[in-house]
Amino acid sequence: MSKFLSFIFVFIFLFNASALAQLDINRLSVDDINKVEILLGKLDPLIQARREKNNLASLNFDELYAPLTESQKIFLKNFENLDANALSVKIPYLGIAAGNEELVIIRGQKIKDKGKFQTLPPQFLPKDVNQSYTQMMDAMQKDLGKRLYVESGYRSSAYQLYLLIDSLKNHNYSIRETAKFVALPGHSEHGCPRQQAIDFVNEDGIDGQGNPRLFEVLPEYAWLTKNAQKFNFALSYPKDSNDGIAYEPWHWHYNKPR
């Protein structure tokens, strides 16, 4: 490698490291907040188009970065490379979900919204996870006459990165606070087929997000706590969790049998 090329690579590395160091994880600067909003505006057409085609969950990194300028790509890369330890996130690194995994598509799930039925967007699960989930819901239906639906299943790491950025506004643009509710790319169970997560919602549209107690008091939740392990599912983030993620009674993951 020539000295010139070596210089270029060192410069790029130092530039990126410097940019990352400038991100205030407690609250983004006004300038960085503006950059986030501009970036999201640039990504909106892509996200909307993928949503309309029902393939947003399989978004890959090349597709996510494609609409951005070079400076915007560097800025977004800083979020992709956030240090979980610095954010007090103790969820282990689970690996990158590339968006090309073999998945089952779930269509036609109907729940109530303000008393009227609506159809959830298509969701995706690995084949074995979907099979176990279906068996579990059939058992719940037999016992309770109720079942839970997949509000969120598989999503790629690129889509997870987008969700992280998009959720900053809900937490006063604090990366530290946002990471308590939205997993970092590579740390999300939604993108880990061997430990695939499902966010549940009941027929009445109750998912507990925003108020976990609403889901916690459901008979469906009580049933899960007693029976989910029979189907290789476990609650991911209980009240006494030490992994830096807030309590999520709706979020359960599949433990692939060894």
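Where in H2 does a kink lie? Let's find out, keeping in mind that this is a predicted model.

## Helix H2 and its kink

The kink in H2 is at Leu43, a short way before the proline Pro45, and the bend there is about 40 degrees. H2 covers residues 30-52, which makes 23 residues. At 1.5 Å a residue, a helix of this kind should span 33 Å, and the C-alpha atoms at the ends of H2 are indeed 33 Å apart, so the two values agree. Just after H2 comes Asn54, which takes a positive phi of about 60 degrees.

Which residues of H2 are buried? They are Asp32, Ile33, Val36, Leu39, Leu40, Leu43, Leu46, Ile47 and Arg50. Notice that Leu43, where the kink lies, is on this list of buried residues. The partners that the buried residues of H2 pack against are three helices: H3 (61-65), H4 (70-80) and H6 (157-167).

## Helix H6, an enclosed neighbour

Now follow the contact from H2 across to H6. Why can H6 be called largely enclosed by the rest of the structure? Because 10 of its 11 residues are buried. These buried residues are Ser157, Ala158, Tyr159, Gln160, Leu161, Tyr162, Leu163, Leu164, Ile165 and Ser167. Their cover includes H2, H3 and H4, along with helix H7 (175-178).

## Ser156, in the loop leading to H6

Ser156 sits in the loop between E5 and H6. Is Ser156 buried or exposed? The relative accessible area of Ser156 is 0%, and buried means under 20%, so Ser156 counts as buried. Leaving aside residues up to four places away in sequence, Ser156 touches Ala57, Ser58, Leu59, Ala97 and Gly99.

## A cavity inside

The structure has one cavity of 30 Å³ or more. The largest cavity holds about 40 Å³ of space. Ser156 is part of its lining, together with Gly95, Ala97, Arg155, Ser157, Gln160, Gly186, His187, Ser188 and Gly191. You have already met Ser157 and Gln160 among the buried residues of H6. Sorted by class, the lining of this cavity has eight polar residues, one nonpolar and one charged.

## The largest pocket

Next, look for the largest pocket, with a volume of about 1000 Å³. Its lining is made of 42 residues, and those closest to the centre of the pocket are Ser152, Arg155, Leu163, Asp199 and Gln209. Arg155 also lines the largest cavity.

Which element gives the largest share of the pocket lining? The answer is H6, with six residues. At least two lining residues each come from strand E4 (123-125), strand E5 (148-152), H6 and strand E8 (248-254). By class, the pocket lining has 18 nonpolar, 16 polar and eight charged residues.

## Gln123 in strand E4

To finish, find Gln123 in strand E4. With a relative accessible area of 10%, Gln123 falls under the 20% cut-off, so this residue is buried. Apart from residues up to four places away in sequence, Gln123 touches Val104, Ile105, Ile106, Gln109, Val150, Glu151, Ser152 and Gly153. One of these, Ser152, is also among the residues closest to the centre of the largest pocket.

What separates the C-alpha atoms of Gln123 and Phe215 in space? The distance is 20 Å, while along the chain Gln123 and Phe215 are 92 residues apart.

Key. Residues numbered from 1 in each chain as written. Predicted model: local features only at pLDDT ≥ 70, side-chain atom pairs only at ≥ 80, totals over all residues. Heavy atoms only, no water. Helix = DSSP H or I, 4+ residues; strand = E, 2+ residues; numbered from the N terminus. Expected span 1.5 Å × (residues − 1). Bend = angle between axes of the 7 residues up to and from the residue. Buried < 20%, exposed > 50% of the residue type's maximum accessible area, 1.4 Å probe, protein only. Contact = heavy atoms within 4.5 Å. 1 Å grid on protein atoms, 1.4 Å probe; cavity = no way out; pocket = protein on both sides within 12 Å on 5 of 7 lines; lining within 4 Å. Points joined across faces, edges and corners; volume = space filled by probe spheres on them. Nonpolar A, V, L, I, M, F, W, Y, C, P; charged D, E, K, R; others polar.
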